Protein chains: 2
Amino acid sequence: MLGWIDLASDQDEVLDAIDAFVAEAAPRFDDLVVLGIGGSSLGSIAVLSALQHPARALQGAAGDGLRVHVVDNVDADVVAGLLETLDPGRTLVNVISKSGTTAETMAGYLAFEAWLRDGVGEDRFREHVVATTDPEQGILRPLAERDGMRTFSVPPSVGGRFSVLSPVGLLPLALGGVDVRALLQGAADANEAAARPFDQSVPKRAAFAQLATARRGATISVLMPYSTRLRRLSDWFVQLWAESLGKAVDRRGARVHAGTTPLPASGTTDQHSQVQLFNEGPFDKVVAFVRLGEPDRDLRIPAPREGLEALSYLGGRGFHELMNAEQAATGHALAAHRRPNYTLRLPRLDARHLGELLQTLMWQTALVGERLGIDAYDQPGVELGKVYTYALMGREGYEATRRELEDAGVEA
Amino acid sequence: MLGWIDLASDQDEVLDAIDAFVAEAAPRFDDLVVLGIGGSSLGSIAVLSALQHPARALQGAAGDGLRVHVVDNVDADVVAGLLETLDPGRTLVNVISKSGTTAETMAGYLAFEAWLRDGVGEDRFREHVVATTDPEQGILRPLAERDGMRTFSVPPSVGGRFSVLSPVGLLPLALGGVDVRALLQGAADANEAAARPFDQSVPKRAAFAQLATARRGATISVLMPYSTRLRRLSDWFVQLWAESLGKAVDRRGARVHAGTTPLPASGTTDQHSQVQLFNEGPFDKVVAFVRLGEPDRDLRIPAPREGLEALSYLGGRGFHELMNAEQAATGHALAAHRRPNYTLRLPRLDARHLGELLQTLMWQTALVGERLGIDAYDQPGVELGKVYTYALMGREGYEATRRELEDAGVEA
């Protein structure tokens, strides 16, 4: 399952196919609905939040790239809200599931497919669907081939939470206007950094910082970017870290109940929320900041008028300068309270540096897993919940499992 | 600082003033920009995400209630993105700061005020601003009185993180179309429940569940609503819990470094992200689910067509049924892995039941703080960071503190 490393360099054909698809789709659609959960959506959400215009939803057809709506839950209110607001004639649906049987994703797909058939007709709905799925296995591949629907492949050697730079993420990102070649170039930069000696290697040093603090009692790993646009990056990181390292047994089968808990935070906002606990609560956290060297566009704080003189220290300064002063101040305050923290520095928040950051965090996770002797690429702990869900939904062995649940006092 | 309890019953005059303001503002504005951070915005974000139409941003002027944009960070990209997208002539700005000196909020205010003066003129920009601030102290109150700007008051006996049901939250929520009287009615229901004997009191039982599991090693308190619309509720809860209970000393001055760490999760989405760690990682968590009895509007999953027979168990079932089956299954799987969890049940996600949930979580927090002998209403651990920020921004004693920071190796 190490295919994620090579995604940076091995995707020329994929990129050409994506280019062709985007060129064809861009004039035909205003909105893209992504149906995917976990690794099939968290990466796209993180990158689009970072790189699309922050008010993209308000711009309508005038904006750059399609508006992207991710359906990553079986929430009837949200699905119905989209169905009654979007125009099926101008909407493309990207269904993403390796097996084609992910219950949440496919429930959404059945709803959107019916809506498209109704809205654009039985003959044409297939032109509004593109499936990202296993190249050979599962139920979506044969369906798409029979129906002539467009498809992209989830590479078999890439696990869901490591798949943002595969077609799983690249297709919706390219449709959303992201420079996906630059993302991959950044990932290649991180691969190079991972191969360097320790002192010059951010991936290795970040992995070490996590291991060293965990050994000294940090059971919680905070990721705290100082940028609203990077807020959703933390959700992607949470899955990567939690699902890769949270394991009951190690590779030898010894019970370890491993894994520190990833905790999302956002600067400066969380200085007014979580930082009180970080500074004064239990000594159980390490904080990794992300800080930008330059903003995309800075904004000067206007000089305050009469009556607001108490704010005169802000007048004429940059928003970005204030943001970074607050990051430095928060790091120093944490240190003064004897709380470990370190800072990942991005020269700027563009596709290339974001790709480098994503790949760096994947390296960090893989290296820590390796060091702990953990299989970072499986997720055995989610199976039982799926079995119970199937039982409750009557998929198989329903009655027997239902009785078991009732005996345990669980409401069906 | 126990004023939050009485907000449910003592606000007749405030509600009348809000009604009058909304009646006047609704036809004049399409967009509301809320400038506030921490307790001045997290509650509004939580409630609007839950109760406004899920696709409100896409609906433009046609939708119900103003479109609300919360600026809770000093991110130049986000502020500039709004300034270049919104129409100043149709935008109302609600600046929320008790003192009027919160750096992040007031930096944003200076930018939006300059934009309004430019866009609607020196004579009229004041009609586009409403300030929510201390009734007597601070710099915004005298400014607003001098200029004839509209104001609402932050009650002095209500702390920021307990203020969602004061004008801090009620004004933007009412402008966004939320039934704020129903919210307060729900809070009154929770107040009644808090006065009942333990067995019939959800607030008391929830507080006990947190205390009992913390004593047995749960250092992390997960809030996991099964509703996309409740995803941002967790961010509000994170501040409430972290800032109230994360304290270095107790009321007697003994060093305790108290506080369990609140962790947001969202069902079903996080079954594909965090649940692996919850089930198999360290035994350090308690999970509180939130589950809805009925959805606002359910959606039936259409029957799958030929080729998708593997999904036939989903056909004809409700999205809501699937959502709640997954919640029950996840709770049962956690129990099978010996992980403590409990469920808060809302009959439905309307303003009244959401108000009850908010007030219940405030009661839970206050009761746990009381039991631990903690002052749940101060936040001494954020002061040092503010001092360093002022120093770095040259507000006072800049040079001395800058040298201190440089000696400590912190980048200014």
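Helices (H or I, at least four residues) and strands (E, at least two) are DSSP runs, numbered from the N terminus. This is a predicted model: local features need pLDDT of at least 70, side-chain atom pairs count only at pLDDT 80 or more, and totals for chains, interfaces and linings use all residues. Residues are numbered from 1 along each chain as its sequence is written, chains are lettered from A and ligands numbered from 1 in the order in which they are written, and side-chain values use heavy atoms, with hydrogens and water left out.

**View 1. A cis peptide bond precedes A:Thr268.** The bond runs from A:Gly267 to A:Thr268, with omega near 0 degrees. A:Thr268 sits in the loop between β7 and α12 (275-280) of chain A. In chain B, a cis peptide bond joins B:Gly267 and B:Thr268, with omega about 0 degrees. B:Thr268 belongs to the loop between β7 (261-264) and α12 (275-280) of chain B.

**View 2. Chain A meets chain B.** Contact (heavy atoms within 4.5 Å) takes in 130 residues from chain A and 130 residues from chain B. In chain A, A:His272, A:Arg305 and A:Met393 lose the most area to chain B, together 8% of what that side buries. The area buried between the two chains is about 11400 Å². Carbon and sulfur atoms give 63% of that area. Buried area is the accessible area (1.4 Å probe) that two parts lose on being put together, summed over both.

**View 3. Salt bridges cross between chain A and chain B.** They number 14. A salt bridge is a side-chain nitrogen of Lys or Arg within 4 Å of a carboxyl oxygen of Asp or Glu. One of them pairs A:Glu84 with B:Arg297 (2.8 Å, N to O). Over all chains the count is 56 salt bridges.

**View 4. B:Arg229 reaches A:Asp77 across the chains.** Their side chains form a salt bridge (2.4 Å, N to O). B:Arg229 lies in the loop between β6 (220-225) and α11 (233-245) of chain B, and A:Asp77 in helix α5 (residues 76-83) of chain A. Buried or exposed, what is B:Arg229? B:Arg229 is buried, at 6% relative accessible area. A:Asp77 is buried too, at 4%. Buried means under 20% relative accessible area, exposed over 50%, partly exposed in between (1.4 Å probe, protein chains only).

**View 5. A:Asp378 pairs with A:Lys247.** This salt bridge spans 2.9 Å, N to O. A:Asp378 lies in the loop between α14 (351-372) and α15 (383-392) of chain A and A:Lys247 in the loop between α11 (233-245) and β7 (261-264), so the pair ties together parts that are 131 residues apart in sequence. A:Asp378 is partly exposed, at 27% relative accessible area. A:Lys247 is buried, at 2%.

**View 6. A network of salt bridges links residues of both chains.** Its members are A:Glu113, A:Arg117, A:Glu122, A:Arg126, A:Arg146, A:Asp147, B:Arg305 and B:Glu306.

**View 7. Two residues that are not glycine have positive phi.** A:Arg338 has a phi of about 60 degrees. A:Arg338 lies in the loop between α13 (319-336) and β9 (341-348) of chain A. A:Arg338 is exposed, with a relative accessible area of 61%. B:His257 has a phi of about 45 degrees. B:His257 lies in the loop between α11 and β7 of chain B. B:His257 is buried, at 18%.
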